[in-house]
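Trainee: Could you take me on a close look at a single part of this protein, and then show me how other parts compare as places to study? I would enjoy one connected walk through it.

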Amino acid sequence: MTKHTFIRCLFFFVCAGTQLAALPWQSDKSFQPEDSLVEIELTKKTHSYQQPWLSHNQTGNKNGLVIGPNQILTTADGLRSNATFRIRKGGESKRYEAQLRSIDFQANIALLDVEDPDFWPEMKPVKLASEIPQNGNLQIYRWRSGRIEERAAEIVRLYIGSAKLSDLSHLVLLASSEINAAGWAEIVMDGDRLVGLTTSGSKNKQLTILPATFIAAALERGPCGDGPGHGFFDFYWMRASNPALLESKGLDPEANEGVVVTRARVFEDHSNTLRDGDVILEIDGFPLDKEGKYIDPQYGRLSLEGLSTRRHAAGESIPMEIWRDQQRLQIDYSLPRADFNHGLIPDRQYDVEPRYLIAGGLLFQPLDGPLMRALSKKNSGAMEYYREMQPDIGRPSLVILSTVLPDDYNLGYENIGPLMLDRINGQSIHTLKDAAHALDNPPNGFHRIEFMHDDTLKHLVLDAASLDAATERVLQQYRIPSAASTEL
């Protein structure tokens, strides 16, 4: 038995200095939720992207499950590394201080620990299911108002979907249940085995569940950052439903095989073996049909995207059979490490506070996904266009004028924004530090702020001599503690 097989059989490992050890505990044949299920209370500081200088403490509750010595499993959704965690067990009023040992935002899982030895003696770990049932009934448990709430759930289907906090593709379980306001890591059990953790609920009583098999694989890949990480397919593809498409490439139009690569490199400029226009016929030994589906030996017909996380980690090679230049070829595709923030406009920001710079009432911010979502009603078509672009040497990132705080200094500009910056005082702007530096060097007594050529406004002009006084006046008028976030 290899080391990785041994780890996979245990279904977990221990991070942050805790040594891997054989488990002294065994799960009971009959599951008793009060022995393993805990309530997690967390307090964290949250910020507004539209008013990034504002913050407030937010409290919340979610569920956790003991899966091993000093290991409490929950989802990463809603967590921050600097949050304060307290845990209650068995409906007790006593709260135990907890520490966040590891967090994996890409996979949406986290592990907590309680250092107080009085917490652990009565707790019993739960084993993770090695296979997810495809039909039948499950049981859902959670702590609510000091009591265990139990609800039945019925399996709807299994499919390949995206993680809640990233674009990572993996197996997802969909179930229906009468449970209300779910999606906060309620545990889903099949007998005494964990089937998964809930990640969302809907008004039509359907729950999305993060399967235990994916959780086990994600823990093995390393949520602490020192493991290989999760892989993904860094290419776009299209169905080959139209027979003319395959026939034009010399393939049998009646054969139900293959999808066409439309873009071989999406997020990273890495050297890989796929090319635009290749037809992928087989991945990891599984033939693909024209819809991009393969037959999984356990779960039936699934999307090819799931093969990136089925049995492989980042850095590993997956064999593919492709059609290129009128011939079948065998290639090895190296899985890039999942990180979906390589775009010119990073889509996600994990565990970071929003950044900003205020100058004369003009609010400058780095353009990223959370800010775009906060400004969704004001986003221009130009922003959506740049969202699909990759950074380069000439433009590694974007900064926007998100809004203007009205003052006599910026008279006439009160209603502009959001607009993407191109240059300030002749200097190209890629970061907030670029903007701050450019504002320190005004030519001819005026600040000239220019926007991207495809935005609605081309430039504005402000008096340089009175900028600092105007900034101080705006800070006092709007009760803003600082003109810039801490890194500036």
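Mentor: Happily; here is a walk that starts at one asparagine and then visits a few other elements.

Keep in mind that this is a predicted model. The mean pLDDT of the protein is 89, with 91% of its residues at 70 or more. The stretch to treat separately is residues 1-28, where the pLDDT is below 50. Even so, that stretch has 49 contacts in the model beyond near neighbours in sequence.

Now to the asparagine. Asn108 sits in the loop between β5 (96-104) and β6 (109-113). Is Asn108 buried or exposed? Its relative accessibility is 2%, and the cut-off for buried is under 20%, so Asn108 counts as buried. What does its side chain reach? The Asn108 side chain comes to 3.0 Å from the backbone nitrogen of Ala76. Ala76 is also among the residues that Asn108 touches, once those up to four places away in sequence are set aside. The others in that set are Thr74, Thr75, Asp77, Lys164, Leu165, Thr199 and Leu210.

For another loop residue, turn to Ser30, which lies between α1 (3-10) and β1 (37-47). With a relative accessible area of 46%, Ser30 is partly exposed, because that class runs from 20% to 50%. Ser30 and Asp192 are 162 residues apart in sequence, yet their C-alpha atoms are 5.9 Å apart in space.

The helices come next. In α2 (residues 212-221), eight of the ten residues are buried, so the helix is mostly covered. Those buried residues are Ala212, Phe214, Ile215, Ala216, Ala217, Ala218, Leu219 and Arg221. Directly after α2 comes Gly222, with a positive phi of about 105 degrees.

Helix α7 (residues 432-439) has Leu432, Ala435, Ala438 and Leu439 as its buried residues. Why do these count as lying on the same side of α7? They span an arc of only 125 degrees around the axis, and therefore they share one side of the helix.

Finally, a look at two strands. β18 (residues 293-296) and β19 (residues 300-303) pair in the antiparallel sense, with four bridges between them. One of the residues involved is Tyr294, whose bridge partner in β19 is Leu302. Three residues form the hairpin connection from β18 to β19.

How values were computed: Residues are numbered from 1 along each chain as its sequence is written. This is a predicted model: local features need pLDDT of at least 70, side-chain atom pairs count only at pLDDT 80 or more; totals for chains, interfaces and linings use all residues. Side-chain values use heavy atoms; hydrogens and water are left out. Buried means under 20% relative accessible area, exposed over 50%, partly exposed in between (1.4 Å probe, protein chains only). A polar contact is a pair of N or O atoms within 3.5 Å; within protein, one must be able to donate a hydrogen and the other to accept it, and residues adjacent in sequence count only if both atoms are side-chain atoms. Contact means heavy atoms within 4.5 Å. pLDDT is the predictor's confidence in each residue, from 0 to 100. Two strands pair if DSSP finds at least two bridges between them. The arc is that of the directions from the helix axis to the C-beta atoms.
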